[in-house]
Amino acid sequence: MAGVEEADLRRSAFGDQPGANVWQATRSPDPRTRWLAAVTLGAQGHYAAAATLLDDLRHTPDATIASLALSTRASHCRQLGNHAGARHRDAAALGRVRTGTSTDPDGVDPAGARTDALLGLAADAIGKGDLVEARRLHARADPATWRTRVRHGWVAAEIELAAGRPDHAVQPAEAAKREADGRDSIRHQVKSDLVLGTALVVWGTPEGLTRGVELVECDLNHSVTHGLFSLIWPSALVLVGHDPTVASDVIDRAMQALSCVLRRADPISRRVAFESPWVPTWLLRSGEPPNADPQTNFLTD
């Protein structure tokens, strides 16, 4: 399709243009092009549109793209609180991938697809509270590219947060941040700051709390600027929970972002999100108590 270049789509999916308009690319006959568009749309909170692309791509003859499509769809399921649905898709992703070495700088190859599937399964295990399985799956992943190394650090930090060991979460979160900061990927930089900031504020040392709040405040501003709706409400909730001086409009930002994300989700995902203990839908229900812990439950990617 004229006007759609893979290099431009990589900048939106993995680079410095996460807010780019990629709707034209969703009509491309090329599976890789459509997958890159779906990655971007998911980060922008267009979950229903991304799901339409990804559910179709799981059947493509290209085993690598089929596997990556399943893993991406699983990630979106987790972000909406559907860890069971994510596990099913991550297992299918692992089953589709073929063996091979890492040849693509962003991990869009068999090795990257296998690592994505294993890290997804580890994140799914966190969701069901099985940290032994999460650690086992995480140890099997072999991150060979910057993107998979960043995700490897995220999941390692999330495991330690779920285990109640935020002090142990800081080191892998720092490693993920260093890796992301060495690249042009705004989305990965912002998510890495969120994971590290959360680890620091949950750990709660005076120095860590100050740095963590600063990281998450910056993270929130960048998420808003670049339209990364899936990261706005988690950042806002960390601030609300740990910074008594936070501006009153922060909770409004969280509510608006979550509302926007759920409006852009398909009906089944929206229903699951409202029933999930992982999604703070109390923001949208006046007078109801929280149904999610803002410290860690939103992090699994």
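Is T40 buried or exposed? Select T40 and check: this residue is buried, with a relative accessible area of 1%. Keep in mind as you click around that you're looking at a predicted model.

**Stop 1: T40 and its surroundings**

With T40 still selected, colour by secondary structure and you'll find the residue in helix 2, which covers residues 31-43. Now show the side chain and turn on the backbone of A13: the T40 side chain reaches the backbone nitrogen of A13 at 3.4 Å. To fill in the rest of the scene, add L9, S12, A13, P18, A20 and V22, which are the contacts of T40 once neighbours within four places in sequence are set aside.

**Stop 2: T26, in the loop before helix 2**

Next, select T26, which sits in the loop between helix 1 and helix 2. T26 counts as buried because its relative accessible area is 18%, and the cut-off for buried is under 20%. Draw a distance from the T26 side chain to the backbone oxygen of W23, and the viewer should give you 2.6 Å. Then bring up R34, A37, L41 and L53: T26 touches these four, not counting residues up to four places away in sequence.

**Stop 3: H46, in the loop after helix 2**

Move on to H46, in the loop between helix 2 and helix 3. H46 is buried too, at a relative accessible area of 17%. Leaving out neighbours within four places in sequence, H46 is in contact with W23, L41 and R264. You've already met W23 as the owner of the backbone oxygen reached by T26, and L41 as a residue that T26 touches. The other one, R264, is worth a distance label: the C-alpha atoms of H46 and R264 are separated by 5.2 Å, while the two residues are 218 apart along the chain.

**Stop 4: the salt bridges**

How many salt bridges does the structure hold? There are 21. Side chains of opposite charge can pair when their charged atoms come close. Here are some to pick out.

Start with R10 and D104, whose side chains meet in a salt bridge at 2.7 Å, N to O. This pair joins distant parts of the chain, with R10 in helix 1 (residues 6-14) and D104 in the loop between helix 5 (83-96) and helix 6 (110-127), 94 residues apart. R10 is buried at a relative accessible area of 14%, and D104 is buried at 11%. Don't hide them yet: add E6, R32 and D106, and you have a network of salt bridges linking E6, R10, R32, D104 and D106.

Now go to R151 and D116, a salt bridge in which the closest N and O atoms are 3.0 Å apart. Again the pair links distant parts of the chain: R151 is in helix 8 (residues 146-162) and D116 is in helix 6, 35 residues apart. R151 is buried, with 7% relative accessibility, and D116 is buried, with 5%.

Last of this set, select K177 and D193, whose side chains form a salt bridge at 2.8 Å, N to O. K177 belongs to helix 9 (residues 166-181) and D193 to helix 10 (residues 186-203), 16 residues apart. K177 and D193 are both buried.

**Stop 5: S71, back to D116**

Select S71, in helix 4. S71 is buried, at a relative accessible area of 7%. Beyond residues up to four places away in sequence, S71 touches D90, A93, A113, D116 and A117; among them is D116, the salt-bridge partner of R151. For a C-alpha distance, try S71 to A92: these atoms are separated by 8.5 Å, with the residues 21 apart along the chain.

**Stop 6: a cavity to finish**

The structure holds two cavities of 30 Å³ or more. Head for the second largest, which has a volume of about 30 Å³. Which residues line the second largest cavity? Select Y47, A51, R73, H76, C77, L80, D266 and S269 to see the lining. By type, the lining divides into four nonpolar, two polar and two charged residues. Helix 3 (47-57) and helix 4 (63-79) each supply at least two of the lining residues. The largest share, three residues, comes from helix 4, the helix where you just found S71.

Technical notes: Residues are numbered from 1 along each chain as its sequence is written. This is a predicted model: local features need pLDDT of at least 70, side-chain atom pairs count only at pLDDT 80 or more; totals for chains, interfaces and linings use all residues. Side-chain values use heavy atoms; hydrogens and water are left out. On a 1 Å grid over the protein atoms alone, a cavity is a set of points where a 1.4 Å probe fits but cannot get out, and a pocket is an open set with protein on both sides within 12 Å along at least five of seven lines; lining residues have an atom within 4 Å of a point. Grid points are joined across faces, edges and corners, and a volume is the space filled by probe spheres set on the points. Helices (H or I, at least four residues) and strands (E, at least two) are DSSP runs, numbered from the N terminus. Ala, Val, Leu, Ile, Met, Phe, Trp, Tyr, Cys and Pro count as nonpolar, Asp, Glu, Lys and Arg as charged, and the others, Gly among them, as polar. Buried means under 20% relative accessible area, exposed over 50%, partly exposed in between (1.4 Å probe, protein chains only). A polar contact is a pair of N or O atoms within 3.5 Å; within protein, one must be able to donate a hydrogen and the other to accept it, and residues adjacent in sequence count only if both atoms are side-chain atoms. Contact means heavy atoms within 4.5 Å. A salt bridge is a side-chain nitrogen of Lys or Arg within 4 Å of a carboxyl oxygen of Asp or Glu.
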